[in-house]
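Hi everyone, thanks for making time for this. I'd like to walk you through one structure, so please have a look at the screen.

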Amino acid sequence: MKRLCPVCFTELPENANYCPVCGKCMREVVEQTSEYIGSSPVTTIVGINDCAIHVRNRNATSTNHST
């Protein structure tokens, strides 16, 4: 499955966190929690969303069979 940048449509490596062309971050925080321990704030990231566009290889998913 290909990964594409949603801004400039550059094909991305599988584990890219940023687009090498435009610099768009491919990982966005979905949920985080904040709490105070003593007088210092502590933020914990709970979930991250992959912002890249995922495109399937057309040949790999073809189910059209000729008879």
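Let's start with a pair of charged side chains: Asp50 forms a salt bridge with Arg27, and the closest N and O atoms there are 3.5 Å apart. Asp50 sits in strand 4 and Arg27 in strand 3, so this pair ties together parts that are 23 residues apart in sequence. Before I go on, do keep in mind that this is a predicted model.

If salt bridges are new to you, here's the idea: side chains of opposite charge can pair when their charged atoms come close.

Now, is Arg27 buried, partly exposed or exposed? Arg27 is partly exposed, because its relative accessible area is 28%, and the partly exposed class runs between 20% and 50%. Asp50 also gets the label partly exposed, with a relative accessible area of 24%.

Asp50 has another partner, too. Its side chain meets that of Arg3 in a salt bridge, at 2.9 Å from N to O. That pair links distant parts of the chain, with Asp50 in strand 4 and Arg3 in strand 1, 47 residues apart. Put the two pairs together and you get a network: Arg3, Arg27 and Asp50 are joined by salt bridges that share partners.

How many salt bridges does a search of the whole structure find? The answer is 3. We've met the ones at Asp50, and there's also one between the side chains of Lys24 and Glu28, at 3.2 Å from N to O. Lys24 is partly exposed, with a relative accessible area of 25%, and Glu28 is partly exposed as well, with 37%.

Let's stay with Arg3 for a moment, since there's a lot going on around that residue. Arg3 lies in strand 1, which covers residues 2–4. Why does Arg3 count as buried? Its relative accessibility is 5%, and buried means under 20%, so there you have it.

What does the side chain of Arg3 reach? Apart from Asp50, with which it makes a polar contact at 2.9 Å, the Arg3 side chain reaches backbone oxygens. One belongs to Pro13, at 2.9 Å, and another belongs to Glu14, at 2.8 Å.

Arg3 also has neighbours through its strand. Arg3 stands opposite Leu12 in strand 2, and strand 1 and strand 2 pair in the antiparallel sense over 2 bridges. Then look at His54: 51 residues separate Arg3 and His54 along the chain, yet their C-alpha atoms are separated by 4.8 Å.

That brings us to the sheet. As a reminder, strands of a sheet pair through backbone hydrogen bonds, either parallel or antiparallel. Here 3 strands form an open sheet in the order 2-1-5, with antiparallel pairing. Which strands stand at the edges? Strand 2 (11–12) and strand 5 do; each has a single partner strand, so one side of each is left without a neighbour in the sheet.

Next up is the hairpin. Strand 3 (residues 27–37) and strand 4 (residues 40–50) pair in the antiparallel sense over 10 bridges. To find your way along that pairing, look for Thr33, whose bridge partner in strand 4 is Thr44. The hairpin has 2 residues between the strands, and Gly38 takes a positive phi near 70° there.

Now let's go to the surface. Phe9, Ile53 and Val55 make a nonpolar surface patch of about 250 Å². You'll find Ile53 in strand 5, residues 53–55. Ile53 counts as partly exposed because its relative accessibility is 32%.

Last, let's zoom out to the whole chain. What secondary structure does the chain have? It comes to 0 helices and 5 strands, and from the N terminus on the elements run β-β-β-β-β. The chain has 67 residues, and buried ones make up 16% of them. The chain exposes about 5,500 Å², with carbon and sulfur atoms supplying 49% of that area. As for contacts with a separation of 6 or more, 26% of them are between residues 24 or more positions apart.

So if you want to trace one thing on the screen afterwards, go for the network of Arg3, Arg27 and Asp50, joined by salt bridges with shared partners. Thanks for listening!

Notes
Residues numbered from 1 in each chain as written. Predicted model: local features only at pLDDT ≥ 70, side-chain atom pairs only at ≥ 80, totals over all residues. Heavy atoms only, no water. Helix = DSSP H or I, 4+ residues; strand = E, 2+ residues; numbered from the N terminus. Buried < 20%, exposed > 50% of the residue type's maximum accessible area, 1.4 Å probe, protein only. Contact = heavy atoms within 4.5 Å. Areas by Shrake-Rupley, 256 points an atom, 1.4 Å probe, with all protein chains shown as cover. Pairing = 2+ DSSP bridges. Patch = residues over 30% accessible without salt bridge, like charges linked within 9 Å, V, L, I, M, F, W, Y side chains within 5 Å. Salt bridge = Lys/Arg side-chain N within 4 Å of Asp/Glu carboxyl O. Polar contact = N/O pair within 3.5 Å; in protein donor to acceptor, adjacent residues only side chain to side chain.
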